Amino acid sequence: MIKLVKARDYKDMSRKAANIISAQVILKPDSVLGLATGSTPIGTYQTLQHWCEKGDLDFFHVKTVNLDEYVGLDGKHDQSYRYFMNQNLFNHVNIVPANTHVPDGSNLDAEAECERYHEVIESMGGIDLQLLGIGNNGHIGFNEPCEEFPVNTHKVELTRSTIEANSRLFDSIDDVPRYAYTMGIGEIMGAKTILILASGKAKAPIIKELLEGPVTPHVPASILKMHSNVILIADEDARSLLTIE
């Protein structure tokens with residue numbers, strides 16, 4: 001079941017998302033948060049930073065697990081997702097660095113790294129709240145459209161559309177890694193609460209597909225309709241193609 005929360009614009013979406021995450025942390029200070037990268041959650045992270053700086057929010061006992069990481073990039077690379085999280089959240093709040101977890105893109109032994117990361121998630125007892133964006137092709141994390149829903153952390157070959165979408169962050173499209181490690185659908189669906197964000201007209205077609213289309217691995221996010229507690233915060237542009245809100 002997906003509960004739709006309407007937002008006016010990106011700023012409103014970000015604040016509403018930050019409210020939900022902060023409530024989770026306040027009610028359970030040792031929460032396990034599943035976190036996402038990309039442009040969509042940046043406003044949410046900035047809001048959380050501000051509240052932490054004011055003393056309204058405490059991350060000291062929080063643990064985090066990130067959805068994914070590019071294969072071949074170590075955490076010091078400025079396009080790695082570990083670097084992104086440090087720059088956009090971890091370095092600006094009072095979280096313990098050892099409590100933050102991102103797949104190790106520098107480990108090229110895919111089987112070993114994926115097993116290790118799955119065990120990290122399991123050792124925490126699962127995820128209390130998982131934050132997600134959604135790709136234009138319906139991917140969540142780097143779970144791309146495919147024939148079946150992958151369960152656990154795995155190595156995935158990125159689709160051309162994902163590579164093109166991410167190329168704006170690199171010097172050229174040839175520099176975008178072709179593979180990534182990502183949490184599987186099973187691990188994402190194991191979260192107690194899932195919070196998904198969507199902003200902008202480019203996301204309107206996939207939000208319509210998500211809410212009005214069937215459940216299919218060809219639209220990986222569609223599986224979220226089978227979860228008992230999913231909150232979608234979408235701004236006016238992202239909702240613009242919906243038949244019924």
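Two residues are in contact when heavy atoms of theirs lie within 4.5 Å. By that criterion, and with neighbours within four places in sequence left aside, Thr64 is in contact with Leu33, Leu35, Phe90, Ile95, Asn99, Thr100, His101 and Met124. The structure described here is a predicted model. It contains an open, parallel-paired sheet of 7 strands, an open, antiparallel-paired sheet of 3 strands, and a largest nonpolar core of 33 residues.

**The seven-stranded sheet**

- The strand order of this open sheet is S1-S10-S9-S6-S2-S3-S5, and the pairing is parallel.
- Strand S1 (2–7) and strand S5 (100–101) occupy the edges; each has a single partner strand, so one side of each is left without a neighbour in the sheet.
- S9 and S10 run parallel and are joined by 5 bridges.
- Ala198 has Ala234 of S10 standing opposite.
- Thr64 belongs to strand S3 (residues 63–66). Its relative accessible area is 2%, and Thr64 is therefore buried, the limit for that class being under 20%.

**The three-stranded sheet**

- A further open sheet is formed by 3 strands in the order S4-S8-S7, with antiparallel pairing.
- Its edge strands are strand S4 (68–70) and strand S7 (154–157), each of which pairs on one side only.
- On average, and with direction ignored, neighbouring strands of this sheet are turned by 25 degrees against each other.
- Between S4 and strand S8 (residues 179–182) there are 3 bridges in the antiparallel sense, and Asp68 stands opposite Thr182 in S8.
- Between S7 and S8 there are 4 bridges, again in the antiparallel sense; Glu157 has Tyr179 as its bridge partner in S8.
- In a regular strand, side chains alternate between the two faces of the sheet. In S7, His154 and Val156 make up a covered face, whereas Lys155 and Glu157 make up an uncovered one.

**Nonpolar cores**

- In soluble globular proteins, nonpolar side chains tend to be buried together.
- Within the largest core, of 33 residues, Val65, Ile207 and Leu224 have the most contacts.
- At least two residues of this core come from each of helix H4 (110–123), helix H6 (185–189), strand S9 (193–198), helix H7 (204–212) and strand S10 (230–235).
- Apart from this core lies another, of 28 residues, which includes Val25, Val62, Phe90 and Val93.
- Not counting residues up to four places away in sequence, Leu224 touches Met1, Ile2, Leu132, Ile140, Met189, Ile194, Ile196 and Val230.

**Packing of helices H2 and H3**

- Helix H2 (residues 42–54) and helix H3 (residues 81–88) have axes 10 Å apart and pack at an angle of about 40 degrees, which makes H2 oblique to H3.
- The contact brings Ile42, Tyr45 and Gln49 of H2 against Phe84, Met85 and Asn88 of H3.
- By class, the residues of the contact of H2 with H3 comprise 4 nonpolar, 2 polar and no charged.

**Individual buried positions**

- Ile188 is found in helix H6 and counts as buried, at 0% relative accessibility.
- With neighbours within four places in sequence left aside, Ile188 is in contact with Leu67, Gln130, Leu132, Ile140, Asn143, Met183 and Ile194.
- Ile188 and Ile127 are 61 residues apart along the chain, and their C-alpha atoms are separated by 8.1 Å.
- Ser222 is placed in the loop between H7 and S10; at 0% relative accessibility, Ser222 counts as buried.
- The contacts of Ser222, leaving aside its neighbours within four places in sequence, are with Phe149, Leu210, Pro214, Val215 and Thr216.
- Gly135 lies in the loop between strand S6 (129–132) and S7 and counts as buried, at 8% relative accessibility.
- A separation of 9.2 Å is found between the C-alpha atoms of Gly135 and Ala198, which are 63 residues apart along the chain.

Notes:
Residues numbered from 1 in each chain as written. Predicted model: local features only at pLDDT ≥ 70, side-chain atom pairs only at ≥ 80, totals over all residues. Heavy atoms only, no water. Core = buried A, V, L, I, M, F, W, Y, C linked by side-chain atoms within 4.5 Å. Buried < 20%, exposed > 50% of the residue type's maximum accessible area, 1.4 Å probe, protein only. Pairing = 2+ DSSP bridges. Axes fitted to C-alpha atoms, helices over the stretch in contact; angles between N-to-C directions. Parallel < 35°, antiparallel > 145°, perpendicular 65-115°, else oblique. Nonpolar A, V, L, I, M, F, W, Y, C, P; charged D, E, K, R; others polar.
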